[in-house]
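Here are a few exercises on the spaces inside a protein and on what lines them. Have a go at each task before you read its solution.

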Amino acid sequence: METADRVRDARRLQALRATGLLDAAPVPSLDRVTRLTARLLEASAAMVSLIDLDRQVVVSAAGPGVRQAVRDTPLSQSMCVHVVVADEPLIVADARADRRWCGLSAVSEGEVAAYAGVPLHASGDQVLGTLCVVDAEPRRWSREELEELENLAAIAESEIALRLARTEAQLSETRMQTVLDRAPDAFVSIDGGGAVTAWNAAAERLFGWSPAEAVGRPVSDLIMPERLRRSYGEALIQGRGGGAALDGRRLELTVVDRTGQEFHAEVVLQACSERGEPVYHLFLHDITDRRRIAVLRDAQQAVAQALADAGSAEQAAADVTAAVTGVLGWACGEYWQVEPGGDLISRTGLWTGPGRDLSPLTRDQPSSFHRGEGLAGLAWAAGHEIWIPDLRADPRDFIRKPAVLRVGLRAAMALPVRSGRQVLGVLTFFSDTVQEPDDDLAGLLDGICAHVGRYMERRRAEELTLTLAASRRRFEQVVTKIDDHVWSVEVAADGVIKPVYVPSNSTKVFGGTPPVGSDMVAVTRERLHPDDLAVFTEFHTTLASGRAAEVECRFIGLDGVTRWVWSRATPRREGDRLLIDGISTDITERHYLAEERELLLARERQQVRRLQELDRMKDELVAVVSHELRNPVGTIRGYAEMLAGDPELTGEHRLFADVIDRKSAHLQNLVDDLLDLARFDAGHVDIDPRPVSLARLVRLAADEHRPAAQAKRLTVSVEPAGLLPVHADPVRLRQALDNLLSNAIKYTPDGGAVTVTAGREGGEVVLSIADTGIGIPPEQYPQLFTRFFRASTALESGVKGTGLGLAITRAIVTAHGGTIAARPGDEGGTVFVVRLPADPPSSPGSAPPAEASGA
Ligand code: ADP
């Protein structure tokens, strides 16, 4: 190795510096060596020199020749450097005589003539310097002297080694501290009594105490929450066995920092002993975040589990509330559901922590709020979370806040559960301690709310689907039971019609069910009877324009049978969709019945027409016959009267003449009646109306009929009040009265009574003729005014008659604008009631009809 290389060797220089001798104060142990060397070798000076990079440093010098210690010498003036470079002793007897040394100043100045130096090694093979002796006079160094010098050098070497070792120890300790300070985890060492012996930078960062403050103090004062010191102390500090038993264990503990803030740390404990004393090393790692993440994850899992297990939306809400509150260790949680009407929010789920009595909060307090009321109502209205870290410090007021404070709750959170923009419900939580807003927690709760929202939405959709399916089934059941075909279609913007609902069975209308998936609209069109295309198209056009419509048209069924179908439909709008709901009924039978009825009706009309014709012909015949009979009968009557009036007529001839007179009178009446009827029927009613007193007319008629009544010992009472003016033809009216009075007398057996009353009722004059006679069977009243009709009672009693009187009477009353009716009397017999318009009429509307007043 070159001189320079050996001297500059980095490891050598490092070891040299590590000795600490280059700049050190006098080193007594080395001084003892040099003193001893100078004395034993009887040299003028003994020195320990160290060879630095560019100089020789004399760290110790002794001997009689040492007057002034020259500490640093350039290497060019150094003899020792040659020992170092050669790593072997250098023995010079007379330096002056040697060319190599004579130029050195110490030599030339006479201080050094003889020199002996041996290398001083550090551990390994590095030569740090020399132990040397010098004399001012030339001298031969004996072998013993040189051996002695070697031995003394070994002493110096051990001194250097000791220093190096000490430095090394110091260095490693410093290095250790550096390493520990750089460590991310807190490191704390404590002794058997629990006092801190080491405290790294991470510990300072974690707990706030500097190493200077921490070392020497009981660890319990520094990192343990007061309330837990006893239990920790027992486990960790007290009892060596306890500590040793925990060696290598990982523990999760709650610790506290300088400010009193508690947090969670993972602690790894190492128990060992130093110099027989127990020492504990604590490696502490802040796991607050990890723990929180674990808690959040647990909460998420609990929520997922609760939602998976829940049987209903309400149960899900209650279980989620319980899960979240329980995992986060809060005092109370509630779920508030927005009511279907959307006006109220009501509590459907409540969970309180174990052993916590929050009944004052739930009892006597409202469990429903309007929007904006209570904490739940506030979050509902806001649509976002409300976080109140400290209720005592928060100025916001809400219903129940006093109750919440009374039970000792400190923090409150309210989070809306949404589906899109719609708030479905609100989760509220209360905590016993102040809860600063925490992004992670808020994020978690937000996620949970979204989870619950989605669940609720899905649940609601499921429930709706089930309800819909059930109501569809019910609808289908009903629809299949009715004979009508119920349908719904949608009309697209381009006019294309798509079926929305068609019943599964179309047999009733289409004579079979089209294959599944067939286009019902197309089927309908295909099956439509060609003749009904126009009405069907109009039906569609009306519906498409948004108006209800109905149509009757024929369809050729899938079974080949043509049916009449009556369809009614109503359009309705759903947003911008046009839907049409309709019902179609098979009305084929009704159609046939209607057709048949039409046919029958036509036939009947024809029959009626024929009968009317016959009637007319008969009337004509009657009219002609009566007319032709009237004059001959009148003539017969006249001659018969004359004959009867002949005083010479005797016995049997007079009897014959009376019979002729009586029979011809009857014939004349009959012919008169027939003639009247014929006239009335032909519309030629000969009426000459004028103001007439009905009362007077009644009295006159009664008087005329009284003899006939008396003959039968009948009581005839006439009670018309006042004049009772009517606008009537007196002759015709009298004819009617005579008919009614004569009937009453004729059909009342001996000893009976006939009562005539008349009076005004509103705009009418009402005349009633009642008798106690043979009466008429009730079922025969409807035919009473038909010509030639005779009641069975009249026929049975043998009373003669023609059945024409009442027909004529009705014709007269009707011609006067009046009515006639008959009914059984209260105590037997018959009552006839005639109503005529009063004169003057009480109102213009009650004037007699033209036919009555005209002609
Ligand atoms: P007739 O000449 O038969 O009396 P009317 O037309 O006057 O003809 O009466 C028709 C029938 O009505 C009578 O035949 C009789 O059966 C019945 N009838 C009319 N008035 C009375 C009455 N006051 N009491 C019972 N039956 C009566």
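**Exercise 1. Find out how a backbone atom of glycine 803 sits relative to the ligand, then look at the ligand's surroundings.**

Start with glycine 803: one of its backbone N or O atoms is 3.1 Å from an oxygen atom of the ligand. That fits the rule for a polar contact, a pair of N or O atoms within 3.5 Å. Next, try threonine 802, where a backbone N or O atom is 2.9 Å from a ligand oxygen. Then glycine 805: here the distance from a backbone N or O atom to a ligand oxygen is 3.0 Å. Now for cover: the ligand on its own has 520 Å² of accessible area (Shrake-Rupley method, 1.4 Å probe), and the protein covers 98% of that. Finally, 20 residues surround the ligand (a heavy atom within 4 Å), with Asn743, Tyr747, Arg790, Thr802 and Leu806 the closest.

Before you go on, a word on the source: this is a predicted model, where local features need pLDDT of at least 70, side-chain atom pairs count only at pLDDT 80 or more, and totals for chains, interfaces and linings use all residues. Residues are numbered from 1 along each chain as its sequence is written, and side-chain values use heavy atoms, with hydrogens and water left out.

**Exercise 2. Describe the largest pocket and work out where it lies.**

First, the rule: on a 1 Å grid over the protein atoms alone, a pocket is an open set of points with protein on both sides within 12 Å along at least five of seven lines, and lining residues have an atom within 4 Å of a point. The largest pocket holds about 1300 Å³ of space. It has 43 lining residues, and Asn739, Ser742, Asn743, Lys746 and Thr802 are the closest to its centre. Which element gives the most to this lining? That's α23, with 11 residues. As for location, domain 5 (593-679) and domain 6 (685-837) both contribute lining residues, so the pocket lies between them.

**Exercise 3. Size up the largest cavity and sort its lining by class.**

A cavity is a set of grid points where a 1.4 Å probe fits but cannot get out. Counting those of 30 Å³ or more gives 4 cavities. The largest has a volume of about 280 Å³. Its lining is made of 19 residues, with Trp487, Val489, Thr524, Phe536 and His540 nearest the centre. Helix α21 supplies the largest share, 4 residues. Sorted by class, you get 14 nonpolar, 5 polar and no charged residues.

Terms used:
Points joined across faces, edges and corners; volume = space filled by probe spheres on them. Helix = DSSP H or I, 4+ residues; strand = E, 2+ residues; numbered from the N terminus. Domains from an automatic or database assignment. Polar contact = N/O pair within 3.5 Å; in protein donor to acceptor, adjacent residues only side chain to side chain. Nonpolar A, V, L, I, M, F, W, Y, C, P; charged D, E, K, R; others polar.
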